[in-house]
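I'm opening a fresh page for a structure I haven't looked at before. My plan is to start with the whole chain and then pick out a few spots.

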Amino acid sequence: MSARQNPLGQWRARTTFVLALAAAAVGMGNLWRFSYLLGTQGGGAFMLTYLACLLLVAVPVLVAEVVLGTHGRGAPVDALRWTSDRSLLSRGWVWLAVLAALTGLLVLSYLAVIAGWSMAYAWYLYSGHFSSLSAAQAGAEFQAFLGDPTRLGFWQSGFLLLVGLVVALGVRGIGLLVWLVVPVLLFLLAFLARFGFEHGDVAAAGDFLFSIKWVDFTRESILLAMGHAFFTLGIGVGAGISYGGYAPRRIPIGRSVLAVAVFDTLLALLAGLAVYPLVFANNIAPTSGPALIFVSLPYAFGNILQGDVLGALFFGVVGVAALGSAVALLEPAIGSITQRLGVRRPFAVLLVLGGVWTLGQAVIGGIAADEGLAWYGNRNLLAFLDWLTAAVLMPLVSLLTAVYVGWRLRPDVLRAQFSRESAASFALWRALMRYLVPVVMVVLLAFGLLAVEF
C-alpha cells in the first residue's frame, strides 16, 4: 500500500468519508425523480432492475474512483499522475481527471441556478406567498419567476456563496458540512414523510410506488433504470477520487460504497413517501421534474394546514441536498488547482466560482429569454448543458475510468487498496470493470447521443 500523504489533508474517521460520499450522491433530482420513475415504469420490476444496475455498474465505478483517490492520495489530477507512474503508464491519463473536474464544473453551473430556485421557494412558502393559490396560479408564479433574471441571479449567487465558503475551508470544512447535511436530510425527510402519512393519501401513494405493473415495464424502463442507477451516485465528475484521497487508510472500500448506495436509495424512497401522499390527497396528477417540485408541490403545501412551514422545510431539504452535491462538484477542480499550481485555496475558489457564476448567468439569460423552462427542448443553455454533461461527458468519463482501471493499471497496484476485502470481491469488481461497465457506458453514450431522455 502506498504510504503517500495527501498534502490537502485527510479525514480521521471512516464515517466522515461515507457521509461525504452520501452527501455527494443525494442530489436534487434523486429527491423527486426516482419515486416518479418507480411509479410509472413498472413498480417492483423497475426497482429490481434498478438495484441490479446499481450494484453491477454504478457501485463498481464509484469504487474505482475511490481506489484511484486512496492510492494517489491527492487531488484528481495528481492522483492519476501518481497511479500512472506506479503502473508505468503515460501521464496523458491525467487528462481524464481534467475532463472529470471540468464536467463537475459544468454541472455546477446549472445546478446552482436550480438550487437557487429551491432556496427562493423555501422563503416564498415560509412567508405565505403560496397560501391558498390555485394550481394555475402556482404555475403562473413559476413562469413569472423564471422570467425574472434579477431574482434568479440573486438566489444563484447566494447559493454559490455558501458553496464557496465551505470549499474554501478545505477538507475540514467539507467534513463538518457532511456531518450536518446527512443527519438534517434524514431527520427532515422522516418528519415530512410522517406528515404525509398522517394527512395524505397513503393508499394511493403506496399503490403508485410499490405495486408491480408489468404492463408499464418496457425496454425503455430498462434504459431508464440503467441511466438513473448510473447518475444517482454522482460518478464521472471526480468527486469519488477527491474524497477517496481524503479517506482514512485501510478502509473497506467496497462495503463503504455499498453503504452509500443503500442509503441513497432509501433516502429517495423516503422522499417519495413524503411527496406523493400529499400529491394524491390534493388530486394532483403524478409528474416529475420542475412541474412537480415548483408547481404541484407549492400548490399542495399552500392548501393544507401548516403547509407554509412544511413546504419551506421541504425546499430546505432540496437546498441542503444540492449543497452537498455542489461541494462535491467543486472540490476536484479546487483541489487540483491548489495542489498543482500552488495557489491558496480561497483564491482558487474565487477564481473558479467566478467562471461558474458567469456561465450560470448565461444559463439564466437563456431561461428568461425563453420565458419558461425548455427542460429537454434544447432551446436554451440549461437544456444543452444538461444533455452534454448527463448524456455525453459523465458516461465518457466513466468509460475511460473503466478502461484505465480495468485494463491499464496493474492488478497488484489495485489489490493493495482492497486489503479489507476478500480476494473474491476484488476479482468480481475487476471483472465488472473490465467487461460489463464498458458495455453499459457505450450503450448510455449511444442512446444519449441519440437524445434518448434518461
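Below are my notes, from the whole chain down to single residues.

**Entry 1: the whole chain**

First reminder to myself: this is a predicted model. I looked up the secondary structure and found 18 helices and zero strands in the chain.

Next I checked the overall dimensions. Along the principal axes, the C-alpha atoms fill a box of roughly 65 × 50 × 40 Å. Is that a compact globule? I went to the radius of gyration for that one: a compact globule of 454 residues would come out near 22 Å, and the chain has 21 Å, which agrees.I also looked at how the chain holds together in sequence terms. Among contacts with a separation of 6 or more, 82% are between residues 24 or more positions apart. As for cover, 61% of the 454 residues count as buried.

**Entry 2: surface and charge**

I pulled up the surface next. The accessible surface of the chain comes to about 17,200 Å², and carbon and sulfur atoms make up 67% of that. Then I went through the charges: there are 26 positive and 19 negative side chains. The centres of those two sets lie 20 Å apart.

**Entry 3: helix α1**

I picked α1, residues 14-25, to check its length. At 1.5 Å a residue, its twelve residues should span 16 Å, and I find its end C-alpha atoms 17 Å apart, so the two agree.

How many of the twelve residues of α1 are buried? I get ten, so I'm writing this helix down as mostly covered. The buried stretch includes T16, F17, V18 and L19, and A22, A23, A24 and A25 are in the list too.

What do those buried residues of α1 pack against? I noted α3 (44-72), α8 (170-199), α10 (219-232), α11 (239-246), α12 (253-281) and α14 (307-341).

**Entry 4: helix α11 and the loop after it**

Since α11 turned up among the partners of α1, I went there next. It is mostly covered, with eight of its eight residues buried. Among them are Y243 and Y246, along with the glycines G240, G244 and G245.

I then followed the chain into the loop between α11 and α12, where R250 sits. Its phi caught my eye: near 60°, a positive value in a residue other than glycine. R250 has a relative accessible area of 48%, so I put it down as partly exposed.

**Entry 5: another positive phi**

L88 has a positive phi as well, about 60°, although it is not a glycine. I found L88 in the loop between α4 (76-86) and α5. Is L88 buried or exposed? It is exposed, given a relative accessible area of 76%, and the cut-off for that is over 50%.

**Entry 6: T103**

From there I moved into α5, residues 94-126, to look at T103. Its relative accessible area is 0%, so T103 is buried.

Which residues touch T103, leaving aside neighbours within four places in sequence? My list reads G236, V237, T389, L393, M394 and V397.

**Entry 7: V163**

Last stop: V163, in helix α7 (residues 149-168). V163 is buried, again with a relative accessible area of 0%. Setting aside neighbours within four places in sequence, I have V163 in contact with L323, A326, V327 and L330.

I also checked V163 against V349. They are 186 residues apart in sequence, yet 9.4 Å apart in space, C-alpha to C-alpha.

Notes: Residues are numbered from 1 along each chain as its sequence is written. This is a predicted model: local features need pLDDT of at least 70, side-chain atom pairs count only at pLDDT 80 or more; totals for chains, interfaces and linings use all residues. Side-chain values use heavy atoms; hydrogens and water are left out. Helices (H or I, at least four residues) and strands (E, at least two) are DSSP runs, numbered from the N terminus. Buried means under 20% relative accessible area, exposed over 50%, partly exposed in between (1.4 Å probe, protein chains only). Contact means heavy atoms within 4.5 Å. The radius of gyration is taken over C-alpha atoms; the globule rule is 2.2 Å times the number of residues to the power 0.38. Accessible areas come from the Shrake-Rupley method with a 1.4 Å probe; for residues, only the protein chains shown count as cover. Lys and Arg count as positive and Asp and Glu as negative; His and the chain ends are not counted. The place of a charge is taken as NZ of Lys, CZ of Arg, CG of Asp or CD of Glu. The expected span of a helix is 1.5 Å times one less than its number of residues.
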